[in-house]
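Visitor: I would like a close look at a single part of this structure, one helix and what surrounds it. Please take it slowly and give the cut-offs behind each term.

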Amino acid sequence: MGNTQTQTFNNNLFTQKPACTHSLIIYVPSTQGLKGAISQEEHNKRTKHIANYMSDLFGGATVTNASGKYKANNGERVSEPVNQVATACTWEQLQGAKGEQVSNLIASVKNTWGQESIAVEVVNNSNMYFV
């Protein structure tokens, strides 16, 4: 499970050590390779799969709708809706077994979804408290 124990604090929450110090964000594409857009239902299914996995691994996840653009290996510019699945974690979790599990997940869905790459973002000093 994640590190989501509720913290108690005296007077000022922000003088306490945060439970999580990093954000891990996985960008879920809405295309199947360069073949074009998938259905909204399929995009929701992909997003739910990643969000459930992250919730099970780290204790929670948040989904945000966004718009992405990238340049494919063949030079084509691709614009697409994406969903960002974010979770809070520690650097130690990312360096350990949980980081390896996320890496394996990304490698698997990259192939299944026919992607050249899957964007994964780690934000440092993204302090999260559970009050």
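Guide: What follows is an account of one helix, its two faces and the residues that meet it.

This is a predicted model, in which local features need pLDDT of at least 70 and side-chain atom pairs count only at pLDDT 80 or more, while totals for chains, interfaces and linings use all residues. Residues are numbered from 1 along each chain as its sequence is written, and side-chain values use heavy atoms, with hydrogens and water left out.

Helix α1, residues 40-58, has 19 residues and reaches 26 Å from its first C-alpha to its last, close to the expected 27 Å (the expected span is 1.5 Å times one less than the number of residues; helices are DSSP runs of H or I with at least four residues, strands runs of E with at least two, numbered from the N terminus). Just after α1, Gly59 takes a positive phi of about 100°.

The buried residues of α1 are His43, Arg46, Thr47, Ile50, Ala51, Met54, Leu57 and Phe58, where buried means under 20% relative accessible area, exposed over 50% and partly exposed in between, with a 1.4 Å probe and protein chains only. They lie on the same side of α1, because they cover an arc of only 130° around the axis, the arc being that of the directions from the helix axis to the C-beta atoms. The face turned away from this buried side carries the exposed residues Glu41, Lys45, Lys48 and Asp56.

What covers the buried residues of α1 includes β1 (20-29), β2 (62-71), β3 (77-89), α2 (91-95) and α3 (97-112). Met54, one of those buried residues, touches Leu24, Ile26, Gly59, Gly60, Ala61, Val85, Thr87 and Val102, not counting residues up to four places away in sequence; contact here means heavy atoms within 4.5 Å.

Met54 is also among the residues that touch the most other members of the largest nonpolar core, which has 17 residues (such a core is a set of buried Ala, Val, Leu, Ile, Met, Phe, Trp, Tyr and Cys residues joined through side-chain atoms within 4.5 Å). The largest share of this core, five residues, comes from α1.

A polar link joins the helix side to β3, the strand in which Asn83 lies. Asn83 counts as buried because its relative accessibility is 5%, and its side chain makes a polar contact of 2.8 Å with the side chain of Thr47 (a pair of N or O atoms within 3.5 Å; within protein, one must be able to donate a hydrogen and the other to accept it, and residues adjacent in sequence count only if both atoms are side-chain atoms).
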